[in-house]
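Me: Could you walk me through this model with me? I'd like to go pair by pair, with the cut-offs spelled out as we go.

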Amino acid sequence: MGNGIGIPVIAGLVIGIAFVLLFSFYSAPFRDIVTGTTKSGISVSLADLKDQHALNEPLNFTVTAKGRGALCDDPTAKILNADSGEVAYDIPHVEVIYECLSDPVDIDITWTLRDIMYPYSPVLIGESGHYILEVELGGVVLKKDFIIYDDVLSP
C-alpha cells in the first residue's frame, strides 16, 4: 500500500520542481530598479535589465534622471564579470552634453542602451556566468547583477 501512494507523490514533486525551474528561467524576469541621487538632487535610476539572459541574447536597460538640479554629463556603462571584477564589455559612448548650466533646471530624461551607446550595436555576452551592469551618471554609480546562462533548450 505504501508504494502505491509514494509514486504519485514523487511524480508530483518532480513536476513541481520542473515548473519552478522553468518559471525561474523563462518567465518575465523580475526587473529591479536601482536608484541613487546626485549631489545636486537629481534622482537617477537603472531599470529594465532582466535578471537572467540566455547566451548571446541582446541586453537592454534604461537610465532615468529626474528632479531639479544640474546634470553635466551623459550616462556611461560597462559590464563587469562579477567573479573576477574585470570589464567584460565597455559600452562605447559619445559625449552629448557639451556644457553644464550653473543654475538648477527641471530634468526628466530617459536613456535606453541605444541612446547611450555610440555607435549602437546589440550587446551580446557569449560566455555564461554572473555579471554586473555598472552605470554612472552625475557622480552616481548604479549596479545591477544579472546571469547569462546556456540556453540548453535551443536547437
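Me: Which residue is the bridge partner of Leu80 in β6?
Reply: Happy to start there! This is a predicted model, in which local features need pLDDT of at least 70 and side-chain atom pairs count only at pLDDT 80 or more, while totals for chains, interfaces and linings use all residues. Residues are numbered from 1 along each chain as its sequence is written, and side-chain values use heavy atoms, with hydrogens and water left out. Strands β5 (residues 76-81) and β6 (residues 87-91) pair in the antiparallel sense over four bridges, and in β6 the partner of Leu80 is Val87.

Me: How are strands and their pairing defined here?
Reply: Helices (H or I, at least four residues) and strands (E, at least two) are DSSP runs, numbered from the N terminus. Two strands count as paired if DSSP finds at least two bridges between them.

Me: Which residue takes a positive phi in the hairpin of β5 and β6?
Reply: That hairpin has five residues between the strands. With a phi near 80°, the residue you want is Gly85.

Me: In what order do the four strands of the open sheet come?
Reply: The pairing in this sheet is antiparallel. Its edge strands, each pairing on one side only, are β1 (34-37) and β7 (105-112). The order is β1-β2-β4-β7.

Me: Which residue in β2 stands opposite Gly36?
Reply: Strand β2 covers residues 43-47 and runs antiparallel to β1, with four bridges joining the two. Opposite Gly36 stands Val44.

Me: Is Ser45 buried or exposed?
Reply: Ser45 has its place in strand β2. Leaving aside neighbours within four places in sequence, Ser45 is in contact (heavy atoms within 4.5 Å) with Ile33, Val34, Thr35, Thr62, Val63, Thr64 and Leu142. The classes are buried under 20% relative accessible area, exposed over 50% and partly exposed in between, with a 1.4 Å probe and protein chains only. At 16%, Ser45 is therefore buried.

Me: How many salt bridges does the structure hold?
Reply: A salt bridge needs a side-chain nitrogen of Lys or Arg within 4 Å of a carboxyl oxygen of Asp or Glu. One of them joins Glu57 and Lys50 at 2.3 Å, N to O. The structure holds six.

Me: How many residues apart are Asp32 and Lys144?
Reply: Their closest N and O atoms are 3.9 Å apart, in a salt bridge. Asp32 lies in the loop between α1 (2-26) and β1, whereas Lys144 is in strand β9 (residues 140-149), so the pair links distant parts of the chain. Asp32 is partly exposed at 42% relative accessibility, while Lys144 is buried at 5%. Along the chain, they are separated by 112 residues.

Me: Which residue forms a salt bridge with Arg68?
Reply: The side chains meet at 3.2 Å, N to O. Arg68 sits in strand β4 (residues 62-69), and its partner is in strand β7, 38 residues apart. That partner counts as exposed, at 62% relative accessibility. The residue is Asp106.

Me: What pattern does the chain follow along the sequence?
Reply: The chain has two helices and nine strands. Buried residues make up 30% of its 155 residues. Read along the sequence, the pattern is α-β-β-β-β-β-β-β-α-β-β.
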